[in-house]
Amino acid sequence: MVTPGGVRAGDTIGVEEEFHVVDAGTGDLEPAARRVLRGADAEPELHRSMVETATGVHTDLTGLRADLLQKRRSLVESAGRHGLAVVAAGSVPGSGGGPSRVYPDERYERMAQEYRQLVDEQQVAACQVQVGVPDKDLAVRITRRIREWLPALLALSVSSPYFAGQDTGYASYRTVVTSRWPTVGPPPDVDSDAEYQRVVQTLVESGVISDAGMVYFDARPSARYPTVEVRVADSCPRVDDAVLLAALSRGLVTVAAEEDAAGRPLPEAPQVLLRAATWRAARSGLSGHLVDPATRSALPAGARVDALMAHVRPALEARGDWEIAVDLLDDLRARGTSATRQRAVEDPVEVVQSLAKETAEGTEA
């Protein structure tokens with residue numbers, strides 16, 4: 001769909017990354033966000049041991065990658081001045097190890113009072129991709145069209161095997177932690193902005209959430225921007241994995257918009273299967289099987305990722321992103337997911353130090 005201004009779904013892209021603040025020597029979480037933020041191009045997050053960055057609006061992957069690196073460089077340098085480090089990963093071994101004070105903000109403090117243990121344990125970090133979609137109704141339908149592919153994106157990003165000092169057995173325990181919130185999971189079965197807003201309004205009026213920003217579906221129309229926000233992925237230690245997620249997310253949105261323009265019916269899949277597919281991806285990442293909600297079958301994770309690449313290939317080729325995405329995916333497959341690499345390290349302190357090193361790669365002046 002092209003608007004009167006000539007803007008198409010998928011023309012613009014941006015990424016928000018969440019980071020843990022840790023002691024550079026011990027790997028422990030540090031409630032030092034305020035110190036780090038004084039000299040960094042970043043914003044606070046829910047906990048005092050977390051910060052968030054947001055790129056500008058981009059039209060190409062090269063500019064997006066440079067922006068991501070600049071934001072990381074700002075954080076790495078600021079943290080280093082205080083003997084600290086930052087880690088882009090779904091969790092660190094110290095996540096969930098005990099109560100943590102929220103960042104001093106009225107909204108966060110209200111959430112802490114209302115949601116108690118959920119907030120205490122929300123010491124996890126995500127990578128969120130914003131893809132431009134200028135039409136609100138189209139944005140809602142796109143979330144319906146892409147939701148069956150979101151578990152594959154999660155499987156590529158898994159980086160949170162450790163939580164509360166132990167190996168959880170999951171590749172993305174962040175997914176399990178966040179799944180306990182009342183508005184997390186696959187996008188709902190609505191097909192217009194009016195229907196979507198009624199759902200959000202009901203959630204707010206019932207007291208389940210306090211504002212539209214607390215709608216945490218795996219993909220959602222942004223409450224602030226003319227975008228579809230893909231929020232299923234763990235935060236990525238390696239910046240190139242974040243770029244790959246951005247490329248594939250934009251490809252999914254672009255293909256979905258083209259299907260919508262062609263009058264293709266919205267795909268149907270039971271919510272229980274969509275949730276099961278997300279759980280399966282969180283459990284084993286690329287190491288096991290993934291679920292295809294459309295065919296209601298399980299298949300090797302690699303085959304599901306290959307199907308995703310085939311699905312988005314026309315959109316990526318049209319924007320000149322195909323070869324970049326293939327190279328980035330080949331690199332990820334060759335070294336394994338972050339969850340796999342972390343388990344190869346084993347020692348909790350060394351795990352955090354290796355994650356901090358990966359997070360900082362490419363940020364040297």
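## Salt bridges, a pocket and a cysteine pair

In this structure, the side chains of D67 and K71 come together in a salt bridge, 2.5 Å from N to O. Keep in mind that this is a predicted model. Both residues sit in helix α2 (residues 61–80), 4 residues apart, or about one turn of the helix. Neither end is out in the open: D67 is buried at 12% relative accessible area, and K71 counts as buried too, at 9%.

That pair belongs to a longer list, since the structure holds 29 salt bridges. Some of them reach a long way along the chain. R319 forms a salt bridge with D11, with the closest N and O atoms 3.2 Å apart. Here distant parts of the chain are linked: R319 is in the loop between α11 (301–318) and α12 (322–335), D11 is in the segment before β1, and their positions lie 308 residues apart in the count. R319 counts as partly exposed at 25% relative accessibility, while D11 is buried at 16%.

Then there is D167 with R343, whose side chains meet in a salt bridge of 2.9 Å, N to O. D167 lies in strand β7 (residues 166–167) and R343 in helix α13 (residues 338–345), so this contact ties together parts that are 176 residues apart in sequence. D167 is partly exposed, at 37% relative accessibility, and R343 is partly exposed as well, at 28%.

Here are the three pairs side by side.

| Salt bridge | N to O distance | Relative accessible area |
|---|---|---|
| D67 and K71 | 2.5 Å | D67 12%, K71 9% |
| R319 and D11 | 3.2 Å | R319 25%, D11 16% |
| D167 and R343 | 2.9 Å | D167 37%, R343 28% |

Salt bridges also join up into a network, made of R141, R145, E259, D260 and R264.

Now for the cysteines. The disulfide count comes to 0. C127 is in no disulfide, and its nearest cysteine sulfur, that of C236, is 4.7 Å away. Why no bond between C236 and C127? Their sulfurs are 4.7 Å apart, which is too far for a bond, because a disulfide needs the two sulfur atoms within 2.5 Å. Both residues are tucked away from the surface: C127 is buried at 1% relative accessible area, and C236 is buried at 2%.

On to the strands. Strand β1 (residues 13–23) pairs with β4 in the antiparallel sense, over 4 bridges. One contact to look for is H20, whose bridge partner in β4 is V87. Strand β4 itself covers residues 84–87, with L84 and V86 pointing one way and A85 and V87 the other. Which side of β4 is buried or exposed? Residues pointing either way are buried, all of them.

Last, the second largest pocket, which has a volume of about 250 Å³. Its lining is made by 19 residues, and those nearest the centre are K136, Q197, P221, S222 and A223. Three elements each supply at least two lining residues: α5 (136–146), α8 (193–205) and β10 (219–221). Which of them gives the most? That would be α8, with 4 residues. By class, the lining has 11 nonpolar, 3 polar and 5 charged residues.

Definitions and conventions:
Residues are numbered from 1 along each chain as its sequence is written. This is a predicted model: local features need pLDDT of at least 70, side-chain atom pairs count only at pLDDT 80 or more; totals for chains, interfaces and linings use all residues. Side-chain values use heavy atoms; hydrogens and water are left out. Buried means under 20% relative accessible area, exposed over 50%, partly exposed in between (1.4 Å probe, protein chains only). Two strands pair if DSSP finds at least two bridges between them. On a 1 Å grid over the protein atoms alone, a cavity is a set of points where a 1.4 Å probe fits but cannot get out, and a pocket is an open set with protein on both sides within 12 Å along at least five of seven lines; lining residues have an atom within 4 Å of a point. Grid points are joined across faces, edges and corners, and a volume is the space filled by probe spheres set on the points. Ala, Val, Leu, Ile, Met, Phe, Trp, Tyr, Cys and Pro count as nonpolar, Asp, Glu, Lys and Arg as charged, and the others, Gly among them, as polar. A salt bridge is a side-chain nitrogen of Lys or Arg within 4 Å of a carboxyl oxygen of Asp or Glu.
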